[in-house]
Each structure stands twice: as C-alpha cells, then as structure tokens.
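Student: Hi! Could you walk me through this one?
Tutor: Happy to. Let's have a look together.

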Amino acid sequence: MTVDMSQFYEVFFDEAEELLAEAERLLLGIDVAAPDVEQLNAIFRAAHSIKGGAATFGFMDMAEITHVLENLLDKIRKQEMALTNEHVDAFLAAKDVIKMQLDGHRHGSDVDAEQVNDISATLKALSEGQAAVPVEAAPAATAPQASQDTAAQVSALTVSADEQAKGIQLYDVGLPEVTEKDLSNLKDELALLGEVADYQRADNRHALLVKTDSSADDIVSICSFIVDPDALVIQVSGTAPATEAVAAVAPAAPEETAAAPADPGYGFFDNGQAGKPEENSSGKPAVAEEMGYGLFATDGQDQQEEGYGFFAPFKPHPDAPKAQMIGDENAAAALSKATADTAATVPADAPAAPREERRAQARRESDKPSAQNTESSSIRVGIEKVDQLINLVGELVITQAMIEQRVNALDPVENEALINSVSQLTRNTRDLQESVMSIRMMPMDFVFSRFPRMVRDLAGKLGKKVEFVTNGASTELDKSLIERIVDPLTHLVRNSVDHGIEKPEIRRELGKSEIGTLTLSAAHKGGSIVIEVTDDGGGLNRDKILAKAASNGLPVSESMSDTEVFSLIFAPGFSTAEVVTDVSGRGVGMDVVKRNITAMGGNIEIRSALGYGTTISISLPLTLAILDGMSVSLDKSIYVVPLNLIIETLQPRAEDLKTVTGEGLMVHVRGEYLPIIALHALFNHPTEITDPTEGVLLILEADGKKSALFVDRLVGQQQVVIKSLETNFKRIPGVSGATIMGDGSVALILDVPAITQMGQTTNYVTGGSAFANQNYSNLKNHINA
Amino acid sequence: MSTTSEMANQGNNAVSALKMAAGEYLTFVLGNEQYGIEILKVQEIRGYDAVTQIANMPAFIKGVINLRGKIVPIVDLRIKFNLGKIEYNEFTVVIILNLNGRIVGIVVDGVSDVRELREEHLREVPALVTRIDTKYIVGLATIEQEMLILVDIEKLMSSSEMELMDAVIH
C-alpha cells in the first residue's frame with residue numbers, strides 16, 4: 001500500500017513558507033562583518049529542512065536550488081568562506097525564487113525558469129569561486145593537523161572582559177575516550193550553546209572548548225546524550241588575551257539557575273541534571289586538569305548534513321535549547337564580533353565594535369517580543385465567526401443599555417435590588433465587549449515585519465546606509481485597521497528613506513553617523529494607538545515649505561506654528577510640481593496618506609527639526625467598529641457626528657453671520673469666514689430652528705477645509721457601534737453608516753467629508769423660502785404623515 | 001382552448017413560467033387589491049414603528065429600522081403603487097423579506113393568508129400599463145372569486161425603480 005503524500009502537501013507548504021520567512025528575517029538581521037554563527041546555523045537549518053521536505057514530496061526543482069543554497073551556506077557557516085553582502089543578496093534572491101517555486105506548486109502560479117537558473121548559477125559561482133580561498137585568520141579555518149600552538153587557540157576562542165561582563169564563559173570540557181563520530185556529534189550539539197573548538201590533550205584524549213553564556217550544567221546535560229556525564233571534566237577557562245583584563249568576574253547568565261563559577265580559574269560543578277536516563281549518579285566530575293596545548297581547528301565535514309544531532313536539523317528541543325537561543329542572541333552576537341575582531345587584528349576596528357554591538361542588540365531587543373509571541377499557543381478561527389461574535393456582543397450592549405434606561409425610570413428605593421443587578425450586568429457587559437473586541441486585535445508585527453526588507457532594498461538602491469529599528473511590534477490593533485495602515489506606512493517609510501535620510505557622504509559632512517536610523521514604533525496612548533515613523537535625516541525646512549505653499553496659492557503666514565506649516569505638505573499636489581531639495585517628494589502622495597488615515601478615523605501629525613530628523617506620528621482609534629461620536633438633533637431625529645472631526649461647537653451671535661448676495665451664509669469665527677452648512681436644508685428635513693443663532697454650529701474639519709454644520713441641538717457625546725447601511729440598503733450621500741441608540745432607535749452617522757462637499761456644491765440659504773421645490777414638499781408630506 | 005399556433009407558443013412559455021410559480025404564497029392587501037408573494041421570501045411579519053427617516057430619498061422609502069441589530073430599509077408599497085389611504089396605526093403591517101441575504105421591509109395594509117397555489121390556479125398577465133412594469137408580475141390567480149396578483153418580489157425589490165440598491169449593481 002502506498003501512502004498518499006498529497007495529504008501532507010499543505011503541511012509542507014505551510015512549514016516551508018514559515019521557514020522561508022524565518023530565513024529572510026535572519027538574513028536581514030545578520031551582521032555581514034561579523035555574522036552570528038547561531039544565525040547562520042538557523043538559516044542553514046531552514047534551507048536544509050526545505051530541501052529535505054521538497055525532496056520527500058518530489059518537488060525536485062526546489063530541492064535542487066535549496067541544495068545549492070545549502071552548500072554555500074554550509075561553507076560560510078563553517079567559516080571556510082567569509083560572508084559578504086553579495087552572499088546576503090544572493091540568499092535573499094534565492095529565498096524569493098524558492099518562494100516562487102513554492103507558490104508554483106501550491107497555487108499553480110507561474111515560475112520564471114530563467115530566474116531559477118540565474119540564481120542557481122549565481123549560487124554555484126559563489127560557492128565554487130571562493131571555496132578555494134579560505135578566509136585567512138578566520139578562527140576555525142580548516143587546519144587538519146594540530147598546530148600545538150597555544151597562541152592559536154587563544155586567538156580562536158577567547159572571552160574578552162566585555163563578554164565576561166555579559167556572562168559569557170569559556171569552558172574547557174575534557175572528554176572521555178570517544179569515537180570520531182561521537183566527537184563530531186558532540187560538537188554539533190554544543191554549537192547550539194555557543195562557539196566550539198576541539199583539541200587533543202597530551203594524553204590523547206579530546207577536549208572541547210565551549211564559549212557560551214550557558215552554565216556548565218547545560219553543557220553536561222547536552223553531552224549526557226552522547227557520553228557518560230560522569231566522565232566529563234569541565235573547567236572554566238579564564239584564558240583571555242594579555243591585553244584584556246583577566247580578572248573580570250563573569251556574572252551569572254540571566255537564565256542560569258545553577259550557581260555560576262565566580263572563579264575564572266576553577267570550577268566545581270555538581271552533576272546537577274537529575275533524572276537524566278543515562279546518569280548513574282556517582283558523584284561529581286573530576287576537577288579539570290590544566291588546559292591542553294594545541295588547537296585542532298574543526299574539520300567540519302558535513303556534520304550537520306548527516307543529521308545525527310538530537311536537535312538537528314531544524315526543530316530544536318522545545319524547551320532548553322530554544323530558550324537559550326533566544327537568550328544567547330546578544331551573547332552570540334558579541335562573541336562572533338569579538339572573534340572577528342581578534343582575528344582581523346586591526347586595531348582601528350576596536351572602537352567601532354561596542355557601538356556596532358549596541359546597534360545589533362537594540363535591533364534584536366526589539367525582535368524578541370515578536371519571537372515570543374509566535375510561540376504562544378493559539379487557535380485559528382474564521383474571521384466571520386469573530387465578526388458575528390462581535391456583532392452579537394454589540395447587540396447585547398444595546399439591549400443592556402435599553403434595560404438600563406428603563407430601569408433608571410423606576411423608583412430607586414422600591415427597586416433597589418433590580419437596579420443593583422442591572423448595574424452589575426452593565427459592568428459584565430462592558431468587560432465582555434472589551435474581551436471580544438480584543439479577539440480581532442493583531443500585533444503590529446504583521447505590518448512591521450514587511451519593512452526591513454523594503455528598507456534594505458531601497459537603501460541599497462539609493463546608496464544609503466539605513467539601520468531599521470522597530471519598537472512596540474507587539475502593540476495590538478484591530479485587524480481591519482492593520483490591513484489599511486500598510487499602504488500609508490509603506491509610503492511614509494519609503495519617503496523617509498528616500499528623502500529623509502541623507503547619503504552617507506552628506507551625513508559624514510554634517511558630523512552624523514554614516515548610518516541613518518529609521519525607527520518604526522507603535523504604542524498605546526489613551527484610547528488610541530500611536531504609530532510613528534522617525535528618521536534622523538535632514539528634517540523639514542519650514543521656510544521652503546512656506547515659500548512653496550505661498551507659490552501654490554495656499555493661505556500662509558509667517559506666524560503659523562511649525563505644526564501648521566508642516567501639515568501644509570499634506571495639501572493635495574503640494575511639492576509634486578517641482579523638486580524642492582530637502583522637502584522634495586515629501587508631499588507626493590502625502591495627501592493620499594492623510595486621506596487614508598482620516599478615513600480610518602485617525603490623525604496624522606509631523607514633528608521635525610531641520611538637520612535632525614522628522615517624526616510622522618499617526619494616531620488611530622483602537623477599532624473601526626466603535627466610534628466616538630457627538631449626537632446632535634435635528635427636529636426629532638438624532639444624527640451622530642464623528643468626534644475627531646469636530647474642532648469646536650458654538651452658538652453664533654447674529655453679528656457674526658455674514659452673507660454673500662444674500663445667500664451663501666457664513667460665520668465669522670476667530671478671523672476666519674466659514675461656510676455654514678445647514679443640515680436641515682441639506683437633508684430636506686424640516687425643523688423649527690432655521691436661524692443659526694437659535695441652534696448650534698459644529699466647526700468641522702475635513703480634507704483640510706473647515707466648515708460650520710448647523711444643527712438644532714447637541715444631545716451628548718457617546719461611543720457608538722457602527723453598522724453598515726449597505727448590508728441591506730445602499731450608500732446614502734452624506735451618511736457613512738448607522739448606529740443603534742440606547743432606546744433601540746436608529747441614528748445615522750454623518751459622513752463629514754461628503755457633507756462638506758455637498759455643502760460646497762449645493763446652493764441654498766438657511767431660511768425656509770428656498771425649499772419650495774417638488775421634491776421637498778413630497779418629502780415634507782410623507783414625513784408629516 | 002382554441003388558440004392560434006403563435007399564441008400557443010406564447011402560452012407554452014407562459015405555462016412553464018407559471019409552473020415555476022406554483023407554490024405557497026403569502027397574500028396581503030394593498031388598497032382594494034390582493035397581492036401574493038412567495039412565502040419562502042418572507043422572514044417575519046411585524047408592526048410598524050420607529051422608522052428613522054433618511055434624507056433625500058423617494059417618498060416610498062420610509063427609512064430604516066433596527067431589526068435586532070440589523071439596519072433594515074422600509075419601503076411603503078402603498079406609496080409606490082399609489083394605493084389605499086396612507087395611514088400608520090397599530091394595524092399597519094410590515095412584512096420583512098429576506099431576499100438572497102438582503103433584508104428589506106415592506107409596508108402593506110394588511111396580511112391575509114397563506115395559500116397554496118397550483119398550476120391550474122394560475123393565469124398569465126395580459127399586457128397592461130400600470131404603476132409597475134408587468135415583468136414583475138409572475139401571474140394572476142383566482143381564489144374564491146377574488147383575483148390575486150402574484151409579484152416576483154425579489155425582482156421588484158432589486159429593480160432600479162425601487163432605489164434600494166446602489167446603482168452599480170445594475
């Protein structure tokens with residue numbers, strides 16, 4: 001009987017896609033000058049797993065290309081070849097090709113065979129062309145014979161004072177007699193913890209040098225899979241180059257629970273891994289002997305490929321190794337950095353190193369939360385089920401509000417118990433609503449994760465150096481908003497790289513670091529979420545914007561605040577006409593960005609300092625389903641106006657009302673003449689109040705234009721659940737949706753931009769005389785009916 | 001029945017349409033006329049209350065109501081068909097229709113009955129000029145000396161003249 005493999009295809013596709021995404025993330029995070037061994041291993045494992053899966057399922061084209069990729073990665077991983085930008089580019093391109101092939105198999109989409117051949121050839125060329133030239137002075141360069149030289153060993157694996165401060169130790173692990181195969185397996189396993197080198201002692205027994213921030217217990221527990229733990233001799237080796245402070249004491253690594261050795265020379269370790277099957281509990285390992293002499297550089301032939309390791313090829317042990325890999329990232333980065341520095345022996349590099357490290361750390365720091373997020377358990381539920389749940393809870397909230405309203409009309413003394421129960425119901429309903437709403441929330445990481453690649457490609461194309469940092473990637477936002485924020489953010493990020501951050505030579509002249517920083521951050525502030533795109537580039541030039549705005553015919557004055565000046569770039573068509581050096585392009589499409597953000601009920605704001613950079617700050621409501629609204633009345637009807645579009649409300653004095661040719665009515669507010677849009681006239685809705693001085697004016701701002709909406713009364717401010725009119729009906733001009741009020745009646749939510757538009761194109765006066773048309777009297781009849 | 005061959009052809013087509021039309025109908029009153037709509041399109045029947053008016057709509061679109069959290073438009077067929085006295089009181093009835101997922105309410109003077117109509121009850125509609133296009137009338141039926149006008153309510157409600165849907169659909 002044959003097994004139908006096709007049923008497993010989906011699993012493979014999903015897994016391969018995840019692995020590709022992971023590999024891309026790692027590739028983008030890698031420091032080319034000093035690649036992190038751990039990251040290289042992870043990338044290698046991803047390629048290896050895809051290769052294995054593809055071959056199993058008969059996708060030979062994918063297997064072929066991953067094989068080539070894997071070979072090249074292997075060489076780099078074993079440091080037979082130095083990692084260059086060229087490699088990273090090739091890997092990224094290969095990743096794209098594999099993704100294309102994957103999609104080809106999965107969805108039957110087209111695969112560009114030429115591209116496949118190209119990348120395959122590129123990879124082969126890279127792998128062969130440089131294979132013969134091992135990087136000189138690379139720490140673990142292939143050296144089959146023992147060099148018997150302590151100096152070589154020192155240069156290969158050392159712990160600097162800096163690293164010791166981070167809890168990194170160099171352990172000397174003396175092994176019992178082991179076979180070559182076991183030795184190589186052991187090395188692979190220990191490589192999960194950090195850097196490993198082996199050498200042969202005087203008594204012909206092998207010993208391993210392990211550089212890691214894990215504890216000796218971890219080493220014992222890993223070795224115990226292969227050799228008898230009791231036969232191990234582990235010693236902390238304090239070896240460091242003469243220039244480094246040997247005396248620096250290593251604090252315990254954060255995740256380390258066992259007592260860490262404080263004495264760099266000696267180490268006594270309990271055989272603390274109780275419960276290991278192989279363990280025969282016969283006490284402590286012997287005290288380590290003196291360190292051996294020579295260093296056998298790793299021979300490194302295809303250990304990983306053989307796949308003997310317990311944690312290989314790509315699914316690490318669920319607990320310990322994974323946790324360590326996360327924890328290790330900083331340490332490992334520092335370690336690889338340090339080895340590279342030592343090997344290169346270029347003194348000039350040294351001062352640069354700490355900064356680079358901090359940079360790398362900052363980046364990884366921000367990566368961490370997302371890495372942990374993906375590990376948390378979750379269930380997949382269709383979005384329509386969630387939406388249904390949210391709708392039902394919305395109903396419940398309305399019903400609850402109705403009950404509350406009715407109960408409030410009762411005598412509070414006689415019905416005390418009932419009133420108490422209802423107020424409890426109110427609390428419970430609120431809690432329920434909040435938790436249900438949170439189901440739709442997704443971390444910002446879904447958006448942020450697509451930018452590193454884009455920034456990298458763009459920076460490369462523009463010849464700029466950009467460091468991309470994200471903060472608050474775990475901040476959650478409604479799914480529908482997440483989807484809609486992508487385009488505006490892409491635009492802003494591209495603008496920042498393109499126009500904000502200067503070219504390296506200019507930055508150097510200005511005394512800035514050559515590498516520009518682009519930060520994307522998200523955070524909760526009050527009831528909204530604030531997303532910021534920050535660059536440390538040239539900033540906006542106030543004078544140039546003012547001059548440009550004036551030449552575009554926009555109303556400007558010198559006395560405008562910076563915020564007002566900067567928001568001029570959101571004006572449609574601003575700066576599209578000509579290139580204005582430091583602000584060039586910043587206005588291209590910025591009006592679209594602003595419109596999109598406003599459509600989501602959000603705000604956008606610019607802060608900038610000339611020469612220091614720009615921050616574009618977007619604040620969005622947490623969800624689209626709920627709106628902060630001001631309810632206003634018109635006759636007996638209630639309308640809801642989105643609160644974020646209301647600047648102020650006022651009752652005008654008669655002398656502030658002006659007309660043009662006796663018709664176009666305006667109000668004079670703080671030096672501005674704003675058109676009055678009478679809602680009752682616009683909606684042909686008769687009401688008793690036709691004189692603006694008796695009603696209320698809402699000063700609204702939409703699409704950068706202010707206008708005054710004339711309604712009868714303000715009713716109150718409240719959160720409303722937005723309901724679509726289009727589900728069962730159609731779009732109505734001037735109305736963006738509907739909501740259900742506490743008494744069960746329907747109130748319409750006004751579409752402020754549309755109303756402003758309608759107000760501008762409809763000619764009417766606010767008095768009743770101009771309404772004597774057929775349509776109106778019809779309507780009047782049926783309303784009165 | 002003696003017909004010319006041409007008429008027979010037409011008759012055949014009409015008969016097949018009528019055959020399709022056989023089934024259970026909800027009958028209701030508009031003015032002095034009896035109308036029938038396919039029962040499967042009817043979701044529920046309720047009284048008329050609290051309609052929120054919508055600006056700049058034709059008179060027969062009364063507005064929208066809150067039907068257990070759904071926003072449902074209400075159409076007064078009496079205004080549309082120009083029939084009967086337009087009164088809204090406790091006897092005014094709204095038939096809530098579910099037309100392929102879209103929910104619409106129609107105001108009628110009263111709901112009469114549910115009738116099972118077989119093919120033999122059904123007659124075709126002669127060419128007439130009326131307030132609505134006869135293409136929305138699937139047939140006529142005689143029940144106890146009374147004429148029943150069978151309306152293809154789905155076609156009617158989604159037609160452009162009812163203005164219930166965005167124009168793009170058509």
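Tutor: One term to start: a residue is buried if 20 or more other C-beta atoms lie within 10 Å of its own. Keep in mind that this is a predicted model.

Student: Okay, what percentage of chain B counts as buried then?
Tutor: By that count, 35% of the 170 residues of chain B are buried.

Student: And how many helices and strands does chain B have?
Tutor: Chain B has three helices and 11 strands. Their order along the sequence is α-β-β-β-β-β-α-β-β-β-β-β-β-α.

Student: What about contacts within chain B, how many join residues at least 24 apart?
Tutor: If you take the contacts between residues at least 6 apart in sequence, 57% of them join residues at least 24 apart.

Student: Switching to chain A. What does UniProt place at A:H48?
Tutor: An unreviewed UniProt entry gives "modified residue: Phosphohistidine" there, at A:H48. In the model, A:H48 is part of helix α2 of chain A, residues 37-57.

Student: Is A:H48 buried or exposed?
Tutor: A:H48 counts as buried, because it has 24 C-beta neighbours inside 10 Å.

Student: Now the contact between the two chains. How many residues does each one bring?
Tutor: Chain A brings 30 residues and chain B brings 24. On the chain B side, β4 (61-67), β5 (70-76) and β7 (102-108) each supply at least two residues.

Student: Which element of chain B gives the largest share?
Tutor: That's β5(B), with four residues.

Student: And by class, what is on that side of chain B?
Tutor: The side of chain B touching chain A has 15 nonpolar residues, five polar and four charged.

Terms used: Residues are numbered from 1 along each chain as its sequence is written. Chains are lettered from A and ligands numbered from 1 in the order in which they are written. This is a predicted model: local features need pLDDT of at least 70, side-chain atom pairs count only at pLDDT 80 or more; totals for chains, interfaces and linings use all residues. A residue is buried if 20 or more other C-beta atoms lie within 10 Å of its own, exposed if 12 or fewer, and partly exposed in between; C-beta atoms are placed from the backbone. Two residues are in contact if their C-beta atoms, placed from the backbone, lie within 7 Å. UniProt positions are given in the numbering used here, feature names are shortened, and annotations may be inferred rather than shown by experiment. Ala, Val, Leu, Ile, Met, Phe, Trp, Tyr, Cys and Pro count as nonpolar, Asp, Glu, Lys and Arg as charged, and the others, Gly among them, as polar.
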